[in-house]
Amino acid sequence: MSTLLVINDDPVQLHLLGSLLEQDHEHVVRFTASESAWQWLQDGHVPDAIILDLHMPGINGWRFCELLHMQAVQGQSVPPILVVSATYSGMDAEDVLSDLGASAFLPLPAEPARIRQEVRQLLEEPVPPKAFQAWMVSSESSEITRTRSVFENRGWEVYGWHSGMDMLSESSLPAPDMIIIDDPVSDVTTHDLLAWRKRKYPQARALVMSRTCDARSPSSFINESDVYLPKGCEPETLMTLSEKWCRERAFTHVEHLLEVRTSDLKESEAQFQELFEMLPDILVIYDDQRLIRHINTSGAQQLGYVFADLLATPIVGIQSSILTESVRAGQVELNKITPQWSEATLRRKDGTELPVELMERTVRFQGQRQTLLVARDITARQHMAQENATLEQQLRQVQKMEAVGRLASGVAHDMNNILTAILAHAGLLKVQNDEANPAWKAGDVIEKAVHRGKEMTSQLLGFARQGKHHHVPVDLHGVIEEVTGLLGRTVDKTITLQEDLQADEPWVVGDPNQLYQVLMNLAVNASDAMSDKGKLIFQTSNEMVSSTQASQVPGLAAGDYVVVSVTDTGDGMPEDVQSQIFEPFFTTKELGRGTGMGLAMVYGIVKNHHGYIGVTSTPGVGTTMRVYLPSVLCEEPQAKSVPAVKRSEGTGHVLIIDDEHAVAEAAQAILEFLGYDTTIRLSGREALAFCQDALNHVDLVLLDMVMPDMSGSECFAELRRIRPESKILLCTGYDRNHAVQELLNQGVVGFIQKPYDLDELGQVCDAALKSNIPAEPSLIGSLA
C-alpha cells in the first residue's frame with residue numbers, strides 16, 4: 001500500500017480526490033492547508049507521491065515545490081509530484097510547473113479514471129522532474145568545470161563549449177533556460193551571441209561575465225533581458241541568479257494565465273449561475289454570520305418562498321433544529337469533515353417540515369469562504385421505502401402461508417389414513433346389522449363423526465393447495481347464481497343481496513366444487529360481519545394485470561383475469577386483523593361460531609387455481625374481498641347427468657398395497673364383504689415380489705400413492721413393466737393433484753381419495769374392472 005499526500009484547500013475536491021484514490025487501496029493523507037502538510041513532512045513522514053493543488057492561500061503550489069527542492073539540496077529526496085489545478089490549464093501551465101520541478105500536471109475537472117491512471121503511473125513509473133538546461137561558453141575549461149559542478153549539484157544539466165560557433169551550431173540538445181557567456185569568446189562577439197539568443201531562444205536569459213561590466217546591477221535582472229556580471233563571478237552567484245530567474249519566469253507566466261483565467265471565470269460564473277438555477281435540489285449559500293447570500297429558484301419554491309424573501313435572512317429560519325445545533329457556534333470546520341449525506345428536515349414557509357437528504361460544505365463564493373447547503377427532497381423515497389416494507393411484509397406472509405400449508409397437507413394426509421380405517425369399519429357395522437341394532441346406531445354415529453372430520457381435512461388440503469380435484473371450464477357467473485340462490489334462503493332478511501356481473505368472459509378453468517366453496521365462504525363471512533342490516537354485493541369484471549402492476553403485489557402474476565369482488569357494508573377490519581385473516585385457525589368470531597379454517601381454505605384454493613386474493617377494509621365502512629382467477633375463452637359445455645350407481649357385488653382378486661396396516665385391513669374388510677378376494681402388501685417392493693410370481697393372479701391393484709420405501713409412481717412403473725395388462729387404481733390421503741393426473745394419463749384406470757366408505761370403494765373397483773376408462777366416485781352437487 002502506497003502513502004499519498006493530498007493537499008487541496010477546496011474540501012470538496014479534497015474529499016473527491018481522497019475517496020477516489022482510496023478505491024485503489026492507497027493510504028491517503030489529506031490536508032486543506034499546505035502549512036499543515038509541510039509540518040507533517042518535517043515530522044519525518046515520507047509519502048510515495050504528492051498530489052498538490054496549485055493555487056492555495058499561504059504556501060501555494062509553486063512555493064511548496066520550491067521548499068521541497070530546497071530540501072533536496074540538503075540531501076533529502078523529493079517524492080514524485082502531481083500538480084492539479086482547476087484554475088490553470090494548457091501548455092503554459094505545464095511549462096510553469098516544469099520550472100518548479102513537478103513530475104506531472106493534471107487540469108481539473110478530470111475523469112476519475114484519468115486521475116487514477118496518472119497517480120498509478122506516478123507510483124509505478126515516476127517521471128523525474130524536468131531538469132533545467134544551462135549552456136556555457138568560455139575559453140577557460142576551469143570556469144566551465146566550476147560552474148558545471150555547482151549547477152549539477154542543484155539538478156541542472158550543463159553543456160559547455162570553448163568556441164562560440166560550436167554553441168551557435170548546436171541543434172540536438174534541449175532548449176536552454178540559461179546561457180552563460182564568459183566574455184570574451186575567441187571566435188564570436190558577445191553582441192552576436194546575445195542577438196542569437198534573442199532570436200532563437202527568447203525564453204532563455206543570458207548572464208555575461210565581463211571585465212568591462214555593464215552598469216546594470218544584478219538586482220535589475222528581473223526587468224531586463226540580460227545581466228552583466230564581473231569576470232570570475234562565483235558559480236554560486238550564477239546559480240542563485242539562475243534559480244531566481246526561473247521562479248520569476250514562472251510568476252510572469254502566472255500573471256498572464258491569471259488574466260486569461262479572469263476572463264474565463266466571468267464566463268464560468270455565468271454558466272455556474274445558469275447551472276445553479278437548473279438543478280432541482282435546494283441549494284443555499286450562507287456566510288459566517290449564518291445569513292443566506294444566495295438560493296436557487298427551485299429551492300426557494302420547494303420551501304414555499306420566492307427568491308427575494310430569503311436573501312439576507314438567517315439560515316436557522318429554514319434549517320432543522322438538529323442540524324443547526326451541529327454548526328450553530330461556528331466551531332465545526334466543515335472543510336475538515338468528510339462530506340456526508342444525512343437525513344434531516346427543512347422548514348417550509350407554512351411551518352410544515354420537508355424531509356431531505358442534506359450535506360453542507362465550505363465553498364468560495366464571491367471571493368469569500370461561505371457554506372453551501374445542498375438538500376434533496378426525499379419524500380418520494382420515503383414513500384417508496386414504506387411501500388417496500390409493506391411488500392416485504394406481504395412476501396413474508398406468503399412464505400409463512402406456504403410453510404403452514406405444507407404442515408397442513410401432512411396433517412390432513414395422516415388424518416385421512418386414520419379416518420379411512422374408522423369409516424370402513426363403521427360402514428361394515430351398518431351393513432351387517434339392522435337399523436334397530438345398537439351396533440348399527442354406533443356405526444352411524446361413527447360414520448357421521450368421520451364425515452365431519454373428512455370435511456375438516458378437505459379444508460386443510462384446500463388450504464395446502466394439493467391440486468384441484470377437477471380441471472374443467474367453470475362459469476363464475478353460474479357459481480355466483482348458485483351461491484346467491486342458497487344465501488337468499490338462509491341469510492338474515494335485513495341483508496340485501498346485489499349482483500353486478502360485468503365480466504364479458506366469466507370462464508375459468510378449475511374445480512367447480514372448490515370455487516363454489518370459495519365464494520360461499522366469502523359470502524358467509526361477509527354476512528356475519530353485518531350485525532344489522534346491510535348490503536352484500538357480488539361484482540365481476542375482466543382485468544388485465546401488467547408486469548409492472550404484478551411486480552408490486554407478491555403472489556399476483558401478469559395476465560388476464562376474471563375478478564370477483566365480494567363486498568359487505570359491515571364493521572370492517574383494522575390492519576392488524578387484515579394481515580392474519582388467511583392464517584389457519586385465526587378467527588375473530590366468538591368461541592363455537594368459527595373454526596378459523598374458512599378463509600385459510602379460500603386462500604389455498606385460490607392459489608391452487610393460480611390466482612390471487614386481496615382484501616380492502618375500512619373500520620366502520622365495510623370490507624371487499626377481491627379474487628383474481630385466470631380467465632379463458634370458452635363456450636358453455638353441455639351439462640352431463642351422472643347416473644346413480646348401485647352397490648356392487650364384486651368378483652376377482654384385488655392386491656392392496658398400502659404402508660398403513662390399518663388402512664390396508666380396512667380396504668380388505670370392505671372388498672371381502674363385497675365378494676372380492678384380497679391380498680395385502682405393506683410396501684411397493686413386497687408387492688413387486690408378489691407380482692413377479694406368475695402363479696399369483698391379480699385382477700386389480702389398489703395402490704397407495706405415498707409410501708416410504710417406494711413411492712406409488714415408482715411402484716406403478718415397475719408393475720406396468722412386470723404386468724403390462726394390470727389394472728391399477730390409485731388411492732391417497734391427498735387431493736387429486738398433478739402427480740395423480742400424470743399417472744392417470746399414463747394408464748391408471750381410476751382414483752379414489754381417502755377416507756372412502758363402502759359404497760365409494762365398491763363403485764370405483766367395479767368400474768375399474770369393467771372398463772379401461774378412469775373411474776372415480778360419483779360427484780355429488782358438481783357444477784357444469
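**Group meeting: a walk through a predicted model**

Let me begin in the middle of the chain, with strand β8, where both faces are covered: Met178, Ile180 and Asp182 on one side are buried, and so are Ile179 and Ile181 on the other. Please keep in mind from the start that this is a predicted model. If you count along β8, which covers residues 178-182, you find that five of its five residues are buried. As a general point for those new to this, in a regular strand the side chains alternate between the two faces of the sheet.

Which strands pair with β8? On one hand there is strand β6, residues 133-137, which runs parallel to β8 and is joined to it by four bridges, and there Val137 has Ile181 of β8 as its bridge partner. On the other hand there is strand β9, residues 205-210, also running parallel to β8, with five bridges between them, and in that pairing Ile180 stands opposite Leu207.

Let me now step back to the whole protein, which has 24 helices and 27 strands. Of its 784 residues, 46% are buried, and the protein exposes about 39,200 Å², of which carbon and sulfur atoms supply 52%. If we take the contacts with a separation of 6 or more, 66% of them are between residues 24 or more positions apart.

Next, please turn to the beginning of the chain, where five strands form an open sheet in the order β2-β1-β3-β4-β5, with parallel pairing. The edge strands, each pairing on one side only, are β2 (27-31) and β5 (104-107), and neighbouring strands of this sheet are turned by 20° against each other on average, ignoring direction. Strand β4, residues 81-85, is joined to β5 by four bridges, and Val83 is the residue that stands opposite Phe105 in β5. Helix α2, residues 34-42, lies across β1 (3-7) and β2, and runs at about 150° to β1.

Now for the nonpolar cores. In soluble globular proteins, as a general matter, nonpolar side chains tend to be buried together. Here the largest nonpolar core has 37 residues, and those touching the most other members are Val483, Leu487, Leu522, Leu536, Phe538, Val602 and Ile613. The elements that give two or more residues to this core are the helices α15 (476-490), α16 (512-528) and α19 (598-608), together with the strands β19 (534-545), β20 (559-568) and β22 (622-630). Which element gives the most to this core? That is α16, with seven residues. To take one member in detail, and leaving aside neighbours within four places in sequence, Ile613 is in contact with Leu522, Phe582, Val602, Tyr603, Val606, Met625, Arg626 and Val627. A second, separate core has 26 residues, including Ile680, Leu700, Leu729 and Ile752.

I will finish with a pair of helices, α21 (residues 684-691) and α22 (residues 712-722), whose axes come within 10 Å and cross at roughly 5°. Why do we describe α21 as roughly parallel to α22? The reason is that crossing angle, because angles under 35 degrees count as roughly parallel, and so α21 is roughly parallel to α22. From α21, the contact is made by Gly684, Leu688 and Cys691, and from α22 by Cys715, Glu718, Leu719 and Ile722.

Terms used
Residues numbered from 1 in each chain as written. Predicted model: local features only at pLDDT ≥ 70, side-chain atom pairs only at ≥ 80, totals over all residues. Heavy atoms only, no water. Buried < 20%, exposed > 50% of the residue type's maximum accessible area, 1.4 Å probe, protein only. Contact = heavy atoms within 4.5 Å. Areas by Shrake-Rupley, 256 points an atom, 1.4 Å probe, with all protein chains shown as cover. Pairing = 2+ DSSP bridges. Axes fitted to C-alpha atoms, helices over the stretch in contact; angles between N-to-C directions. Core = buried A, V, L, I, M, F, W, Y, C linked by side-chain atoms within 4.5 Å. Parallel < 35°, antiparallel > 145°, perpendicular 65-115°, else oblique.
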